[in-house]
Amino acid sequence: MSSIYYTIINLDRNFFFFLFTQAHMWGPIYGLVLQHVVRDVSSNSSSPKPPDTSLFVPVSLKADASADGGVGIELTQPLDKNELLKVLNRFYKRKEMQKLAADSGLDARLFHQAFISFRKYILEMTSLPADLHIILNDICCGAGHIDDIYPYFMRHAKHIFPMLDCMDDLRKISDLRVPANWYPEARAIQRKVIFHAGPTNSGKTYHAIQRYLAAKSGVYCGPLKLLAHEIFEKSNDAGVPCDLVTGEERTFVDPEGRAAGHVACTIEMCSVTTPYEVAVIDEIQMIRDPSRGWAWTRALLGLCAEEIHVCGEPAAIDFIKELMFTTGEEVEVHNYQRLTPFSILDHAVESLDNLRPGDCIVCFSKNDIYSISRQIEARGQECAVIYGSLPPGTKLSQAKKFNDPDDPCKILVATDAIGMGLNLSIKRIIFNSLVKPNVNEKGEKQMETISTSQALQIAGRAGRFSSKFKEGEVTTMHRDDLPVLKEILSHSVDPIEIVNALVLSPPSQDIFVSLSQVDGLYFVCNIDDFKFLADMIQHIPLNLRSRYVFCTAPINKKQPFVCTSFLKFARQFSRDEPLTFDWVCRHISWPLAPPKNIKDLVHLEAVHDVLDLYLWLSYRFMDMFPDTASIREIQRELDDIIQQGVRNITRLIRASDTTVTDLLQAQSNRHGQTGRGTGSTHFLTGSRGQRGQRASGQMMDSSLASRLVRDGLLTPDLLQQLQREWSKDQKQDNSSQRALDLEHQSNNKGKRKKKKK
């Protein structure tokens, strides 16, 4: 194990971390199988951390004939299986043996497993090793002590649990208590750290960027490609040559490809070995993010810059000071106030009929986006749409459409993707809901009320400085949500107390995390997505380094087409066959037609992600992904196609299920006219109505009947028949209503004649 250990310790921590997340690699060596464990991995204690033995899975041993043959039988006599069983069971019950085993790393669980395997081994083997056979024979004959079995038991236990012999080495590798020491280049210089603290729209990033532009060299580290692009363009427009580096893109301003003095990058891509005069780390509060916080930790501790300008929420100030204390660096704090005020309104919008130019409705699901945008355009108003899975070009196009004073589009429907990275001219932020889907520590999806930090990040988009709206307003769509929003915004943001420590994304689930010891300021990152990809390509023959790179690829595992493409990429790569432009075009069926419905649009978004994956891999394996320029060209074309689809999103939604929508609209109208309504009309008009019904059936008008047809509970013919019957009922209702109106008018005339007489 020592040779393996020293080989690993010379690799970067990303790589050896990967080694411990691969069941198919370490299983044959150590007999480990990855399973779920609890998150608690923090420890300030210097004492060794006991491993989580639920991760230890015994290696099965074949009951083959012993190499000694029948020597034991020849020297003594055959063993009585019944007598052996009694002896072994007495050994198992000996407290002294259990204590000795515990001192050797076998807790009660492992001791039991090892004993079951040991007993089975002895009883099922046709011939045992000579030394074991002789000891067992002596004990059965009364010439030996039962404790004499212990060395042979431990020998067997270490065969089925081989990790017991290398636990100390594993603990050394898993000792993560001083992350600052991982970056010797940064520790070799005395850095000056300036924290620009303030709320959204306070100018904090602006001041940091001004210092960045004035420096001889600098690096900007942002959370989004959009932000990196913005600084890239702003820097070059200001006459400061600046390169762009993201996971999928490298743009050099020098025609010959020489690096410029300044670089704008996504934070995962920043170099911790290149010296700079100034570094800017944007949105520092994301250092606590469970999936990406490691990148902020790495940048803050590792960037080799004379000045580190950190921008973010005031809630992070104390923690950053404490973190920098461990590096011996002081933090200078500059506080900023919001440049334009925003106020929380005392009334909810309640109906889409009450929308005004400059409104932005914030939703937390694409289904809500589709539903609301359709209802808005049904009222004769145009709306722009922005959500996370749209390509950056499409987001910018929709933002430009909404911001353009000459464009008739004055309403925006968006997810919290607008929280950072887009400059939008918003007068009023309207929260359609205050609950958002999140993944808890167990990996389960659950709905949670948004935090104060999230609410402020979104609400702060209203009344942005330099927009035509000098004051912002914030409210909710539904009356019941308004007091909840006021309560959320009345609280201060929770201070940061613990941050993501490692370079692979919050809590983890393997032997590495079980043994890891981290300083109390840190927690070990989540590798769920990493392990998801590792499991997906486990059967594909790849060398260790290539497998590691593939497992760090940033893909959306919720998209089946993206996952399938990832598998095909890995399989083609394993055959040592380059992924050419023609090969990719065949895979994605290029050229692609404009989307005809929402399903087509979602697929195009997935294809765009696949092309992003190709570009990401092309910078890691240039020879195997050779056609970067051609792929980027068709990706731009695809972006235009997606933009076209988003511009016509209402038509796409309508095309997805026209019959169903018409049918339910007719039903809703009939119920509304005859007084037999069940609340559906409230949903269609956007008024508050029955909140429970709205919450449980938000997309009922566009998906219920199609789901019934798909599941075989309703045929298209029956659907049309129901539509005809409802139309007939509606006509009858209208006829009955007209007859009642005529009768009423006739009675009124008769009454007026009697009065005249």
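These are my notebook entries on a predicted model of one protein.

**Entry 1. Overall counts**

I began with the whole protein. I found 32 helices and 20 strands. The protein has 757 residues, and buried residues make up 50% of them. I looked up the exposed surface next and got about 35,400 Å², of which carbon and sulfur atoms supply 52%.

**Entry 2. The sheet of eight strands**

I then turned to the sheets. In what order do the strands of the eight-stranded open sheet stand? I read the order as β5-β4-β6-β3-β7-β8-β2-β9, and the pairing is mixed. Strands β5 (249-251) and β9 (331-335) are at the edges; each has a single partner strand, so one side of each has no neighbour in the sheet. From one strand to the next, the twist averages 15°.

I checked what packs on this sheet. Helix α13 (residues 225-237) does, and it touches β3 (218-222), β4 (242-246), β5 and β6 (262-266). The direction of α13 makes about 170° with that of β4.

For one pair inside the sheet I took β7 (residues 275-281) and β8 (residues 304-312). They run parallel and are joined by six bridges. I noted that I281 stands opposite V310 in β8.

**Entry 3. Strand β4**

I stayed with β4, to see both its partners and its surroundings. With β6 it pairs in the parallel sense, over four bridges. In that pairing D243 stands opposite V263 in β6. With β5 it runs antiparallel, and three bridges join the two. T246 has E249 as its bridge partner in β5. The connection from β4 to β5 is a hairpin through two residues. I wrote down as background that strands of a sheet pair through backbone hydrogen bonds, in a parallel or an antiparallel way.

Is β4 enclosed or open to the outside? Five of its five residues are buried, so the rest of the structure largely encloses it. I also checked the two faces of β4. On one side C242, L244 and T246 are buried, and on the other side D243 and V245 are buried, so I record both faces as covered.

**Entry 4. The sheet of six strands**

The next open sheet has six strands, in the order β10-β17-β14-β11-β13-β12. Here the pairing is parallel. At the edges I found β10 (342-344) and β12 (383-386), each of which pairs on one side only. Neighbouring strands are turned against each other by 20° on average, with direction ignored.

I followed the edge strand β12 to its partner. It pairs with β13 (residues 411-414) in the parallel sense, over four bridges. A384 stands opposite L412 in β13.

Which helix lies across β11 (359-362), β12 and β13? I found α17 (residues 392-403), and it runs at about 150° to β12.

**Entry 5. Helices α24 and α26**

I looked up one helix pair. Helix α24 (residues 581-588) packs against helix α26 (residues 628-647) at an angle of about 35°, and the axes are 9 Å apart. From α24 the contact takes F581, V584, C585 and I588; from α26 it takes S630, I631 and I634. Sorted by class, the contact has six nonpolar residues, one polar residue and no charged residues.

**Entry 6. Backbone exceptions**

Last, I went through backbone angles. Most residues other than glycine have a negative phi, and most peptide bonds are trans. I listed three places that depart from this.

- The peptide bond from W590 to P591 is cis, with omega near 5°. P591 lies in the loop between α24 and α25 (598-618).
- S589 is not a glycine, yet its phi is positive, at about 60°. I found S589 in the loop between α24 and α25. Its relative accessibility is 49%, so S589 counts as partly exposed.
- N201 has a phi near 65°, a positive value in a residue other than glycine. It is found in the loop between β2 (192-197) and α12 (204-214). Is N201 buried or exposed? Its relative accessible area is 9%, so I put it down as buried; the cut-off for that is under 20%.

Notes:
Residues are numbered from 1 along each chain as its sequence is written. This is a predicted model: local features need pLDDT of at least 70, side-chain atom pairs count only at pLDDT 80 or more; totals for chains, interfaces and linings use all residues. Side-chain values use heavy atoms; hydrogens and water are left out. Two strands pair if DSSP finds at least two bridges between them. Axes are lines fitted to C-alpha atoms, for helices over the stretch in contact, and angles run from 0 to 180 degrees between N-to-C directions. Contact means heavy atoms within 4.5 Å. Buried means under 20% relative accessible area, exposed over 50%, partly exposed in between (1.4 Å probe, protein chains only). Accessible areas come from the Shrake-Rupley method with a 1.4 Å probe; for residues, only the protein chains shown count as cover. Ala, Val, Leu, Ile, Met, Phe, Trp, Tyr, Cys and Pro count as nonpolar, Asp, Glu, Lys and Arg as charged, and the others, Gly among them, as polar.
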